Amino acid sequence: MFRVVQECLTNIHRHSGSATAAIRVHRQEKLLRVEVQDRGKGMPEVKLRSFARAGRIGVGFSGMRERFRKLGGTLEIRSDGNGTLVRAVLPIEPRREMAGQEVRRRRALGESKSYL
Ligand SMILES: Nc1ncnc2c1ncn2[C@@H]1O[C@H](COP(=O)(O)OP(=O)(O)OP(=O)(O)O)[C@@H](O)[C@H]1O
Ligand SMILES: [Mg+2]
């Protein structure tokens, strides 16, 4: 996810002409969603179409999309004359050690219900 944001910011700087970028991170129980949006000129139609078809455009997006596919996530691009939005979604697992910590914390608080 860090790499996606990095690549998107590089792309925005290099290709979009936008002076601003918005990064949104949204975490749900089993999903992490990151969106990077600019207000630049948008991607050329032909590149958008080729990404939608086979996932091939530049090395940056193609590599990211392949990695997301392997991890069970998705990488989408929406782009028009008002700018570009890249949305990356990855499945996430609750961390086991965190679960263990939570059990110990609840025990320490004297909660009677047993966890795990
Ligand atoms: N935010 C953006 N605004 C406008 N066009 C973009 C944006 N991001 C990407 N593009 C267009 O999509 C193409 C593909 O991007 P991609 O990152 O895959 O390759 P690249 O940046 O050209 O090369 P690199 O392999 O170094 O990343 C770019 O060449 C550019 O034309
Ligand atoms: Mg790039």
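## A four-strand sheet, a helix and a ligand

Let's start with the sheet: it is open, has 4 strands in the order β1-β2-β4-β3, and pairs them antiparallel. Because β1 (21-27) and β3 (74-80) sit at the edges with a single partner strand each, one side of each has no neighbour in the sheet. On average, neighbouring strands here are turned by 10° against each other, direction ignored. Keep in mind that this is a predicted model.

Now look at where β3 meets β4. The two run antiparallel and are joined by 7 bridges. To pick out one residue, Arg78 has Leu85 in β4 as its bridge partner.

Next comes α1, which lies across β1, β2 (31-38) and β4 and runs at about 10° to β2. The largest nonpolar core has 7 residues in all: Val4, Cys8, Ile12, Val36, Leu75, Val86 and Ala88. At least two of them come from α1 and at least two from β4 (83-91), with α1 giving the largest share, 3 residues. Setting aside neighbours within four places in sequence, Cys8 is in contact with Val36 and Val86.

And what about ligand 1? It is surrounded by 18 residues, and the closest are Asn11, Ser16, Gly58, Val59 and Gly60. Two elements give two or more residues to this shell, α1 (2-16) and α3 (59-70). Of the elements, α1 gives the most, with 6 residues. Here is how the shell divides by residue type:

| Type in the shell around ligand 1 | Count |
|---|---|
| Nonpolar | 6 residues |
| Polar | 8 residues |
| Charged | 4 residues |

So α1 turns up twice: it supplies 3 residues of the core and 6 residues of the ligand 1 shell.

How values were computed:
Residues are numbered from 1 along each chain as its sequence is written. Chains are lettered from A and ligands numbered from 1 in the order in which they are written. This is a predicted model: local features need pLDDT of at least 70, side-chain atom pairs count only at pLDDT 80 or more; totals for chains, interfaces and linings use all residues. A residue is near a molecule or strand if its C-beta atom, placed from the backbone, lies within 6 Å of it. Ala, Val, Leu, Ile, Met, Phe, Trp, Tyr, Cys and Pro count as nonpolar, Asp, Glu, Lys and Arg as charged, and the others, Gly among them, as polar. A nonpolar core is a set of buried Ala, Val, Leu, Ile, Met, Phe, Trp, Tyr and Cys residues joined through C-beta atoms within 7 Å. A residue is buried if 20 or more other C-beta atoms lie within 10 Å of its own, exposed if 12 or fewer, and partly exposed in between; C-beta atoms are placed from the backbone. Two residues are in contact if their C-beta atoms, placed from the backbone, lie within 7 Å. Two strands pair if DSSP finds at least two bridges between them. Axes are lines fitted to C-alpha atoms, for helices over the stretch in contact, and angles run from 0 to 180 degrees between N-to-C directions.
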